[in-house]
Amino acid sequence: MDNESTYSGYSYKSSHSRSSRRQGERFLFFILCLVTNVLHSRSISDTDLFLQDDNWGETTTVVTGTSVDSISNEDLTQLSKDSGDSSALECRRYISPALGVILGFVSLITPLAFLALPQLLWRDSLDPCGTPCEGLYISLAFKLLILLISTWALFLRPPRAALPRFFVFRCLLLALVFLFVASYWLFYGVRVLEPRETDYRGIVGYAASLVDALLFIQYLALVLLEVRHLQPAFSLKVVRSTDGVSRFYNVGHLSIQRAAAWVLDQYYSDFPVYNPALLNLPKSILTKKMSAFKVYNLGEDNSTNNSTGQSRAMIAAAARRRDNSHNEYYYEEAEVERKVRKRKARLVVAVEEAFTHIKRHQQEDAVTSSPKHPREVMDPREAAQAIFAPMARAMQKYLRATRQQTYHSMESIINHLQFCITHNMTPKAFLERYLVPGPTLQYLDSNRGRQWTLVSEEPVTASLRQGHVFSLRRLDLSLIVTVTPLPFLHIAEEFIDPKSHKFVMKLQSETSV
Amino acid sequence: MSFVPGQPVTAVVERVEIQKLRQGENLILGFSIGGGIDQDPGQNPFSEDKSDKGIYVTRISPKGPADLAGLKIGDKIMQVNGWDMTMVTHDQARKKLTKKKEDVVRLLVTRKSLEDAVKHSKCSYAKH
């Protein structure tokens with residue numbers, strides 16, 4: 001699924017330190033744009049880096065679009081909004097995969113080129129190199145293989161989130177690799193190609209050292225990108241603004257944008273789906289509160305300095321008026337709950353009964369069933385449609401009572417029924433989808449990307465610290481995230497001798513004789 | 001009346017002889033006992049030393065045989081018919097007191113006031 005996020009103006013404008021860093025950022029942006037636009041697509045292979053891990057993302061401070069392949073309506077509107085940056089957008093989209101491929105290819109080919117060039121250019125004058133070279137060849141080959149495999153395993157993953165700012169560690173590592181390979185080529189050109197170095201063993205050793213260093217850079221990348229944030233250090237409290245559902249998560253040392261992406265991953269599987277139809281107070285109570293007192297001015301000429309007194313009097317009167325709306329709320333809620341329970345009972349009974357109408361057709365039955373009354377053999381779809389009819393009405397009424405009717409169309413119910421029948425599920429298993437509001441992931445259609453805006457007062461590449469508050473906003477709801485550090489634990493030791501478990505009777509009985 | 005392990009216990013005792021009274025099927029003595037080596041000595045209200053696990057008289061029924069014989073509440077019973085009562089469990093003490101074949105029990109009891117009386121008389125004797 002492609003996620004995307006729009007650049008939020010809040011984080012850019014609200015801190016003053018930004019303006020001073022703007023210059024530096026522009027420069028850095030320029031340099032890094034070249035090397036860091038790496039990816040955004042799925043096919044890049046860099047032997048060392050960070051190519052892609054889960055939060056592989058966008059690298060610049062400008063609004064970003066979606067991935068190369070797909071573009072949806074929202075993106076088109078976004079694009080038309082930022083027409084000024086559209087050229088940069090295009091550039092980034094097509095150059096970044098190319099740059100990434102080039103950089104990866106170059107780092108892969110470099111050691112082989114180091115070995116091959118002397119052989120091609122001045123083969124005759126090279127010193128013969130016996131077994132030590134062969135050992136080095138073998139180790140070189142295996143190290144390159146290991147690099148390839150581990151890069152494929154760790155870094156070649158399609159991006160799942162497009163983050164607003166570039167990822168500092170990733171850019172750092174990319175720049176490191178680029179500088180590293182460039183400096184190796186420089187030295188190679190000056191020391192080997194120009195003077196036509198004849199010591200072939202030295203050249204092979206040089207290439208082997210390059211591969212070693214690449215392996216170490218990959219280790220560094222692994223630690224910085226994957227391992228550092230595994231040990232939990234902070235506890236994030238995530239609260240949904242619309243209905244107050246909250247969860248606590250433990251994360252390690254992450255930047256704010258990565259933490260945001262991680263929180264969203266958990267959001268989709270932990271939080272029950274937001275149902276805007278479930279309001280807090282029933283309408284009957286809300287409308288009653290609208291009535292206000294009317295205050296009349298008797299015999300006062302200047303009403304200006306009485307206005308504050310007037311409003312205060314109104315508020316005081318409204319507070320003193322006996323408010324029975326809590327009573328109505330209580331009864332209304334009890335009534336709704338009773339209705340839901342009744343309909344749920346009807347639904348459960350209807351479904352149980354419907355499931356008894358069909359059973360799995362065994363192969364041996366075909367022989368024993370009488371030819372006069374052949375049983376009709378159906379595939380799951382037809383079976384589902386056949387038993388859907390008796391339970392349709394009960395299901396419809398139940399969904400209406402719990403206000404879930406928008407999430408489940410008739411088609412989806414029949415599909416689910418077919419699925420359950422195919423897998424021999426009981427009626428209860430079929431119903432679990434409707435009785436409990438499931439996680440948001442269950443109701444997503446995977447075609448559209450999810451657009452979230454990260455709103456924060458601190459720069460989003462800063463790492464988490466105590467007291468940070470940032471929020472993730474969507475059109476209809478927002479998630480407020482608060483950061484608290486996990487407490488430092490003092491764990492002391494106490495030894496208990498297993499023989500020290502002794503007991504005495506505590507009795508005092510009195511007997512009369 | 002404190003008890004030092006390994007040392008003989010010395011106490012000033014009074015001899016009390018109680019005739020058992022027949023009440024229906026049972027022979028009763030008319031008092032209640034508490035204490036014993038299997039009981040918690042800290043809860044004994046009558047002992048001076050709260051680690052004393054001896055058998056104490058906790059209640060006397062008025063006009064009963066024990067009352068008439070001169071047993072007082074809070075007495076510590078040292079012997080019953082020759083059987084030692086200082087190192088017995090509660091149940092063993094009960095059994096020694098309620099033997100069906102015996103009509104009379106001869107107790108050796110001690111109490112604080114006995115000690116004080118002896119000490120007092122010793123002092124007054126020393127004066128003379």
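**Exercise 1. Is Tyr184(A) buried or exposed, and which ring does Tyr184(A) pair with?**

Start with the surface. In this predicted model, Tyr184(A) has a relative accessible area of 14%. The cut-off for buried is under 20%, so Tyr184(A) counts as buried.

Next, look for a ring partner. The count comes to 15 aromatic pairs over all chains. One of them joins Tyr184(A) to Tyr206(A), with 5.0 Å centre to centre and 35° between the planes. That angle makes the pair tilted, since stacked needs under 30 degrees and edge-to-face over 60.

Now place the two residues. Tyr184(A) belongs to helix 6 (residues 168-193) of chain A and Tyr206(A) to helix 7 (residues 200-227), so this contact ties together parts that are 22 residues apart in sequence. Tyr206(A) comes out as partly exposed, because its relative accessible area is 22%.

**Exercise 2. Work out what kind of aromatic pair Trp185(A) and Tyr188(A) form.**

Take the geometry: the ring centres are 5.8 Å apart and the planes sit at 90°, so call this one edge-to-face. Then check the spacing along the chain. Both residues are in helix 6 of chain A, three residues apart, which is about one turn of the helix.

How do they sit relative to the surface? Tyr188(A) is buried, at a relative accessible area of 0%, while Trp185(A) is partly exposed at 31%.

Last step: put the rings together. Ring pairs link Phe114(A), Phe180(A), Tyr184(A), Trp185(A), Tyr188(A) and Tyr206(A) into a cluster.

**Exercise 3. Which residues of chain A does UniProt list under "transmembrane region", and how much helix is there over 167-188 and 203-225?**

Go to the record before the model. The unreviewed UniProt entry lists residues 94-116, 136-155, 167-188 and 203-225 of chain A.

Then compare that with the coordinates. Over residues 167-188 of chain A, the chain is 95% helix and 0% strand, and the end C-alpha atoms are 32 Å apart. Over residues 203-225 of chain A, the figures are 100% helix and 0% strand, with 33 Å between the end C-alpha atoms.

**Exercise 4. Find the charges that sit over tryptophan rings, one in chain A and one in chain B.**

In chain A, go to Trp452(A): Arg474(A) lies over its face, 5.4 Å from the ring centre. From Arg474(A), step across to Arg450(A). These two are 24 residues apart in sequence, and their C-alpha atoms are 8.9 Å apart in space. Arg450(A) is found in strand 4 (residues 450-456) of chain A. Arg450(A) is also buried, with a relative accessible area of 9%.

In chain B, the ring to look at is Trp83(B). The charged end of Lys96(B) sits over that ring, 4.6 Å from its centre.

**Exercise 5. How many salt bridges does the whole structure hold, and where do Lys76(B) and Asp52(B) lie?**

A search of the whole structure gives 14 over all chains. Now zoom in on Lys76(B) and Asp52(B), whose closest N and O atoms are 3.0 Å apart. Lys76(B) lies in strand 6 (residues 76-80) of chain B and Asp52(B) in the loop between strand 4 (31-34) and strand 5 (55-60), so this bridge ties together parts that are 24 residues apart in sequence. Both partners are buried.

Move on to Asp75(B). Asp75(B) bridges to Arg111(B), with the closest N and O atoms 2.6 Å apart. This pair links distant parts of the chain, 36 residues apart: Asp75(B) is in the loop between helix 1 (65-69) and strand 6 of chain B, and Arg111(B) in the loop between strand 8 (104-110) and helix 3 (112-127). Here too, both residues are buried.

For a bridge within one helix, try Asp91(B) and Arg94(B), at 3.0 Å between the closest N and O atoms. Both lie in helix 2 (residues 90-97) of chain B, three residues apart, about one turn of the helix. Asp91(B) counts as partly exposed at 37% relative accessibility, and so does Arg94(B) at 26%.

To finish, follow the shared partners: salt bridges join Glu14(B), Asp75(B) and Arg111(B) into one network.

**Exercise 6. How many disulfides does the structure hold?**

Over all chains, the number is zero. Then check the surface status of two cysteines. Cys420(A) is buried, at 0% relative accessibility, whereas Cys123(B) is partly exposed, with a relative accessible area of 46%.

Note on methods
Residues numbered from 1 in each chain as written. Chains lettered and ligands numbered in written order. Predicted model: local features only at pLDDT ≥ 70, side-chain atom pairs only at ≥ 80, totals over all residues. Heavy atoms only, no water. UniProt positions renumbered as here; feature names shortened; annotations may be inferred. Helix = DSSP H or I, 4+ residues; strand = E, 2+ residues; numbered from the N terminus. Buried < 20%, exposed > 50% of the residue type's maximum accessible area, 1.4 Å probe, protein only. Phe/Tyr/Trp six-rings, centres within 6.5 Å; stacked < 30°, edge-to-face > 60°. Lys NZ or Arg CZ within 6 Å of the ring centre and 35° of its normal. Disulfide = S-S within 2.5 Å. Salt bridge = Lys/Arg side-chain N within 4 Å of Asp/Glu carboxyl O.
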